[in-house]
Amino acid sequence: GGRGAAVAGLRRAVSGGGQGPGKRSEPARPQALEQSLLRLLVCPLSKRPLRYEETTNELINEELGIAYPVIDGIPNMIPEAARTTKKSPPEVSKQP
């Protein structure tokens, strides 16, 4: 019921539906992000455009050094779900 069914329906719609008759199950592989969505999405923290990295299936914010995962073709844009891509934040240069 409720939200769980809606999320499952969204995932089916994004993935192109369920298994058709006579189709065998293939090994699961990460589903890529729709390129048409990429130009609409921005980082929720900086409001800047994101770069899609196909090899890791993530949306990258180079400025902040974070990467948002894309799960089943759906970007997880919750800041707590992002991983850091840099070891330390860029240093602010102090000029006298």
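**Exercise 1. Identify the side-chain polar contact between E58 and R83, then describe the setting of E58.**

Solution. The model is a predicted one.

Step 1. The side chains of E58 and R83 are joined by a polar contact of 2.8 Å.

Step 2. A polar contact of 3.0 Å also joins the side chain of E58 to that of T56.

Step 3. To place E58 in the fold, look at strand β2, which covers residues 58–61 and contains E58.

Step 4. The relative accessibility of E58 is 9%. Buried means under 20%, so E58 counts as buried.

Step 5. Leaving out residues up to four places away in sequence, E58 touches R51, Y52, E53, A67, Y68, P69, V70 and R83. R83, the partner in the 2.8 Å polar contact, is thus found again in this list.

**Exercise 2. State which residues make up the largest nonpolar core, and which strand gives the most to it.**

Solution.

Step 1. The largest nonpolar core has 11 residues in all: L33, L38, C43, L50, Y52, L59, I66, Y68, V70, M77 and A82.

Step 2. The strand that gives the most to this core is β3 (residues 66–71), with three residues.

Step 3. Take Y68, one of the core residues. Beyond its neighbours within four places in sequence, Y68 is in contact with C43, P44, L45, L50, N57, E58, L59, N76, M77, I78, P79 and A82. Among these contacts are the core members C43, L50, L59, M77 and A82.

Step 4. The list for Y68 also includes E58, the buried residue of Exercise 1.

**Exercise 3. Find how many salt bridges the whole structure has, and work out which residues are joined into one network.**

Solution.

Step 1. Side chains of opposite charge can pair when their charged atoms come close. A search of the whole structure gives four salt bridges.

Step 2. One of them is between the side chains of R48 and E63, at 3.5 Å from N to O. This pair links distant parts of the chain, 15 residues apart: R48 is in the loop between α2 (35–38) and β1 (51–53), and E63 is in the loop between β2 and β3. R48 has a relative accessible area of 45% and E63 has 47%. Partly exposed lies between 20% and 50%, so R48 belongs to that class, and so does E63.

Step 3. R51 and E53 meet through their side chains in a salt bridge of 2.7 Å, N to O. R51 is partly exposed at 37%, and E53 is partly exposed at 23%.

Step 4. A salt bridge of 2.5 Å, N to O, pairs the side chains of E62 and R51. Here too distant parts of the chain are linked, with E62 in the loop between β2 and β3 and R51 in strand β1, 11 residues apart. E62 is partly exposed, with a relative accessible area of 44%.

Step 5. Through shared partners, the salt bridges join R51, E53 and E62 into one network.

**Exercise 4. Locate K47 and D72, whose phi values are positive, and classify their accessibility.**

Solution.

Step 1. K47 is not a glycine, yet its phi is near 65 degrees. K47 sits in the loop between α2 and β1. Its relative accessible area is 57%, so K47 is exposed.

Step 2. D72, also not a glycine, has a positive phi of about 55 degrees. The loop between β3 and β4 (74–75) holds D72. At 40% relative accessibility, D72 is partly exposed.

Technical notes:
Residues numbered from 1 in each chain as written. Predicted model: local features only at pLDDT ≥ 70, side-chain atom pairs only at ≥ 80, totals over all residues. Heavy atoms only, no water. Helix = DSSP H or I, 4+ residues; strand = E, 2+ residues; numbered from the N terminus. Buried < 20%, exposed > 50% of the residue type's maximum accessible area, 1.4 Å probe, protein only. Polar contact = N/O pair within 3.5 Å; in protein donor to acceptor, adjacent residues only side chain to side chain. Contact = heavy atoms within 4.5 Å. Core = buried A, V, L, I, M, F, W, Y, C linked by side-chain atoms within 4.5 Å.
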